[in-house]
Amino acid sequence: MTKHRNSIAFWAGVAIFLVAVLSMTQIVRNEYPFFAGYVILQFIALAVAWSILGGYAGYVNFGTNAFFGVGVYTAVALFKATGAPLVVQIAAAAAVGMTLGFGVGLLTLRMRGIFFSIATIALAIIIETFVMNWRFVGGAAGIQLQRPPVMAPFDSYVKMLFFVQAVLVVIAVGIARYIQNSRIGRGLQALRDDELAAECTGVPTLKLKLVACMISGALMSAVGAPAAMYLQYADPSSAFNLTYSVSALAMSLIGGTAHWIGPVLGAILLGSTQQFLAVTISSEINVLVLGIMLVLFVVAAPKGIIGLLRPRYRLRAGGKP
Amino acid sequence: MTVTTAPDAPLLQVGTLTKTFGGFTALDNISVDIRKGERFGLIGPNGSGKTTLINCISGALRPQTGSVVFCGEDITQLPPHLRARRGIARSFQIPRPFKSMTVLENLMVGLDFATVGSSLPEEDVAMSILTRMGLAAKAGAPTDTLSQVELRKMELARAMAVRPKLLISDEAMAGLSSSEVDEVLDLLISLGEEDITIIMIEHIMQAVMRFSERVMCLDAGKIIAIGAPAEVMANKRVQEAYLGT
Amino acid sequence: MFSMDLLLGAVVLGVLLGCFYAAVSVGLSVSFGLLDVPHVAHPAFLVLASYGVYQLNESYDIDPLVAGLAITPLFFLFGLLAYRVYYETFEKRGSDAGVRGIAFFFGIAFIIEVLIILQFGVDQRSVSATYIGKSWRFGEFRIPIRQLVAFAVALGLTVLLAVYLSKTFMGRAIRAVAQDEEALRLMGANPVRIKQFAFGIATAVLGIAGALLIIVAPIEPTLDRAYIGRTFCVVVMAGLGSISGTLIAAIILGVAETIVLTMFGASWAPAISFAMLLAVLAVRPQGLLGR
C-alpha cells in the first residue's frame with residue numbers, strides 16, 4: 001500500500017522535475033545558469049552512481065575518473081569516427097563502462113575492500129596512459145570538437161546538454177532507488193555488514209557485487225559521455241581528473257549512503273558550494289573544502305547528512321519514495 | 001546417487017577430509033556420517049579443528065582433500081550461498097549480525113535469498129520464526145541494542161530463515177548464564193523435533209550431554225572418540241584431551 | 001636501437017632506482033602490510049616530507065639528508081597522532097570501518113596535496129647539494145651521483161628497519177601484534193600502544209625517504225599519485241609486511257620501469273607500476289614472495 005503510494009509520489013516528482021527543467025530551457029535566455037547547472041547535475045548523477053557500489057555494497061571506488069574518462073573518450077572516438085548523435089554516444093559509453101565494470105569487478109571483487117580501491121586507482125592511470133598515447137583522439141594534447149547543430153525544441157546546445165544530464169540524473173536515481181528497495185539492495189547491505197555471514201545466509205555475494213560494479217560503471221561512463229560536447233574539447237588529464245573521484249566519493253559519503261537521497265543532497269550542497277567557491281576564490285580552495293568536509297564527515301557524522309537529519313536512520317524493507 | 005530417497009541414508013557424509021594451513025594440519029582425514037534428524041554434538045579442546053570442520057561443511061573453507069556430500073550431492077566445491085540454498089545453515093561462534101539492519105531485516109535476508117517460493121508474505125514468515133525464538137518483541141530493534149542471549153537467538157533465527165535441513169550451531173551458549181543456556185538448549189531441542197538435523201559445537205558439557213544423541217570428540221584435527229554421549233565422556237583419551245595431560 | 005649495452009645500463013639503473021623505491025615503501029610495508037591500516041595517504045606523507053626537506057634546504061642551506069633526519073622526529077609524532085585519530089574513530093568502533101577508514105586517508109591525502117599547492121605552488125622544486133648534478137662515467141654510460149647516494153642511503157635505511165623489526169624487543173612485538181593481537185594482550189602488552197608506536201616508526205622513516213625523493217628528482221605537489229602505484233605495488237608484490245620481500249619487489253619494479261622507459265619512452269612509464277600491481281592482484285593477491 002504505502003510502497004505503491006511512494007512509487008506514485010516518486011514518479012510524479014520525477015515528471016515535475018523533468019517538466020521544470022524543460023520549461024527552464026525554453027524560458028530562460030541567459031546560458032550561464034545552464035553551464036553551472038550542468039556541472040551540478042553531472043555530480044548528482046556521479047554521486048548516485050558511486051553510491052550503488054560504494055554505499056550499498058561498501059566497496060570504495062577511487063576510479064570514478066576512470067569510468068568518467070572512458071565515457072568521455074568513447075563519445076569522442078565515436079563522434080570522430082562516425083559522427084554518431086549524442087544519444088548513441090551516451091548509450092555506447094554506458095555499454096563500455098559496464099564492460100569495464102565487469103572486468104574490474106571480476107579481477108578484484110574477491111579481495112578485501114582496500115585492494116579493490118587501489119585497483120581502481122591503477123585502472124584509471126593505466127587507461128589514461130593509453131589514451132595519452134592514442135593519436136586518433138589527440139593523445140596528450142587533447143582534441144577540439146565541433147558541436148553539430150542543435151535539435152528542436154532547444155535553441156542552444158548547452159541547454160540541450162543540461163536537459164540530457166537531467167535525464168541521466170533521473171535514470172541514475174531511478175536505478176538506485178530500484179536497487180535499494182529490491183532484494184538486490186538487501187543483499188548488498190548484508191554483504192557490506194558481513195560478507196561471510198551474508199554468504200552463509202544464501203546471498204550470492206560475488207554476483208551481487210559484480211552487478212553493482214557494472215551498473216555503477218555504466219552510469220558513470222554515461223554521465224561522462226556528454227562532457228566532450230559540453231566543453232567542445234577533451235584531453236586526458238582533465239577527462240581522467242582525480243577530482244571526479246574525490247567529488248563522487250565525498251558527495252556520497254557526506255550526503256549519506258543509506259538512502260538514494262543522500263548522494264543527491266550531498267551533490268547539490270557540495271556542487272553548488274564548489275561552483276560558488278571556484279568562481280569567487282580559487283579552484284584549489286574548492287578542492288580543499290571538499291577534502292576537509294569529507295574527513296570531518298567520516299570522522300564525526302558517519303551516516304552523513306541524512307543521518308544528522310534522522311538520528312536513527314535505517315534502510316527499511318518497504319522503502320521510502 | 002539414487003540412495004537419497006532411502007530412509008536411513010545419511011543426510012551429510014564427510015569423507016576423508018583434510019585441511020591444512022601452511023604447515024599446520026587443522027583437520028586430518030576426517031570421515032563421519034550424520035543421519036537425518038540426528039542431534040549431533042561436536043566437542044574437543046580449543047584449536048582441535050571443530051570450527052574448521054564446520055567451515056568446510058558450510059563452505060567458508062575448502063578442504064585440500066576429501067569430500068562433503070549433502071543429500072546425496074557432492075557439495076565440496078560449492079560456494080557457501082549455494083549450500084545455504086540446499087539447506088545448510090549455521091550460526092557463528094562470535095555473533096555476526098548484519099549491524100545496519102533490524103532483527104526482522106536480518107531474517108529477511110535469508111528469506112529473500114535462500115528460500116524459494118512461499119505462499120505467505122515474507123514478513124509473516126520472519127515474524128513466526130521470531131515468535132518461535134521468543135524474539136518477537138525485538139523484531140524492529142537494531143541489532144546493536146540486543147543482549148548477548150538475544151544476539152545468540154537472533155543468529156539461530158536467521159539460520160532458521162534459510163529453512164535448513166541441517167543447522168550448525170557454533171558455541172551458541174558461550175558466555176551465557178546457566179538459565180540462558182537452558183533457554184537456548186530447549187530451543188535447539190525443540191527445533192530438532194521438527195525434522196531439522198542439528199550439529200552442535202559446545203564446551204558446556206551438561207548441555208552436550210542433554211542435547212546429543214551422538215557425540216564426536218576431536219583433538220589436534222583427528223577424531224579420538226565417537227558414539228553415545230556417556231561412552232565418549234568415559235573415554236580415557238577424551239578425558240586426557242580435556243584435562244590436557 | 002636496443003642493444004645489450006643498453007639493457008645492461010637499464011638493469012644497473014633499475015637496481016639503483018629499485019632500492020630507492022624500497023626506501024619509500026618500507027613505511028607502508030609496516031603500516032599497511034603489518035598493521036592492516038588502509039594507508040592510502042602514505043605517498044602524500046612522503047611528498048609532504050620532501051617539501052619539508054626542500055624548505056630547510058632552501059631557507060638554511062642544510063644538506064637534504066641532514067634535513068630529512070631533522071624532520072624525522074616530527075614525522076614520528078605526526079604518525080603517532082594520525083594512528084590515534086584513526087584508531088579512536090574507526091578501528092575501535094569496528095562497524096563500517098572499511099569504507100570510512102579508506103575515505104578518511106583518501107581525504108587526508110587530498111588535503112595535504114592542496115595545502116602544498118597553496119603553500120608552494122604547482123611548479124617543480126628541487127634541492128641543492130654537492131653530490132647533485134655530477135655523474136660517474138663508465139665507458140658508455142653515466143650514473144648520476146645523486147642516484148648512487150639515494151641508493152646507498154635507501155639500502156641502509158631498509159636494512160636498518162629490517163634488523164630493527166627482527167632483532168629488537170619492540171620490533172618483535174610489532175611483528176607479534178600483526179600475527180596475533182589476542183596472544184599479545186594475554187601476555188599483558190597493550191596492542192594499541194604497540195601499533196601506534198609502529199605507525200610512528202613507519203611515518204618517521206618518511207623523513208629520510210622524503211629527502212631521497214627530492215634528491216633523485218625534482219618534486220611537484222601531485223607526485224603522490226604516481227607513488228600510490230609504486231608503493232602499493234611494491235608492498236603487495238612483496239607479500240604484506242615482509243621487509244626483505246619489499247627490497248626484492250622494489251628492485252623488480254625499478255628494473256621493469258627502466259627497461260620500459262628505455263624501450264617505449266617516458267609516456268608509458270607511469271602505468272608500469274599500476275599494471276604490475278593489477279597483475280599481482282589478479283594472479284597472486286598474497287604477493288609473489290610473501291607468507
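In chain C, 77% of the contacts (heavy atoms within 4.5 Å) with a separation of 6 or more are between residues 24 or more positions apart. The model is predicted: local features need pLDDT of at least 70 and side-chain atom pairs pLDDT 80 or more, whereas totals for chains, interfaces and linings use all residues. Residues are numbered from 1 along each chain as its sequence is written, chains are lettered from A in the order in which they are written, and side-chain values use heavy atoms, with hydrogens and water left out.

The secondary structure of chain C consists of 11 helices and two strands (DSSP runs, H or I of at least four residues for helices and E of at least two for strands, numbered from the N terminus). Along the sequence these follow the order α-α-α-α-β-β-α-α-α-α-α-α-α. The radius of gyration of chain C, taken over C-alpha atoms, is 19 Å, close to the 19 Å that the globule rule (2.2 Å times the number of residues to the power 0.38) gives for 291 residues, so chain C is as compact as a globular protein of that length. Its C-alpha atoms occupy a box of roughly 60 × 45 × 35 Å along the principal axes. Of the 291 residues in chain C, 55% are buried (under 20% relative accessible area, 1.4 Å probe, protein chains only).

Chain A and chain C bury about 3,500 Å² between them (accessible area, 1.4 Å probe, lost on being put together and summed over both), 86% of it on carbon and sulfur atoms. α5 (113-132), α12 (242-255) and α14 (283-300) of chain A each supply at least two residues of the side that touches chain C, and α5(A) gives the most, with 13 residues. That side of chain A has 27 nonpolar (Ala, Val, Leu, Ile, Met, Phe, Trp, Tyr, Cys and Pro), three charged (Asp, Glu, Lys and Arg) and eight polar residues (the others, Gly among them). The contact takes 38 residues from chain A and 38 residues from chain C.

Between chain A and chain B, about 2,300 Å² is buried, 58% of it on carbon and sulfur atoms. Here 24 residues of chain A are in contact with 29 residues of chain B. The interface of chain A and chain B holds two salt bridges (a side-chain nitrogen of Lys or Arg within 4 Å of a carboxyl oxygen of Asp or Glu). A salt bridge joins the side chains of A:Arg186 and B:Asp112, at 2.6 Å from N to O.

Notes: Buried area is the accessible area (1.4 Å probe) that two parts lose on being put together, summed over both. Buried means under 20% relative accessible area, exposed over 50%, partly exposed in between (1.4 Å probe, protein chains only).
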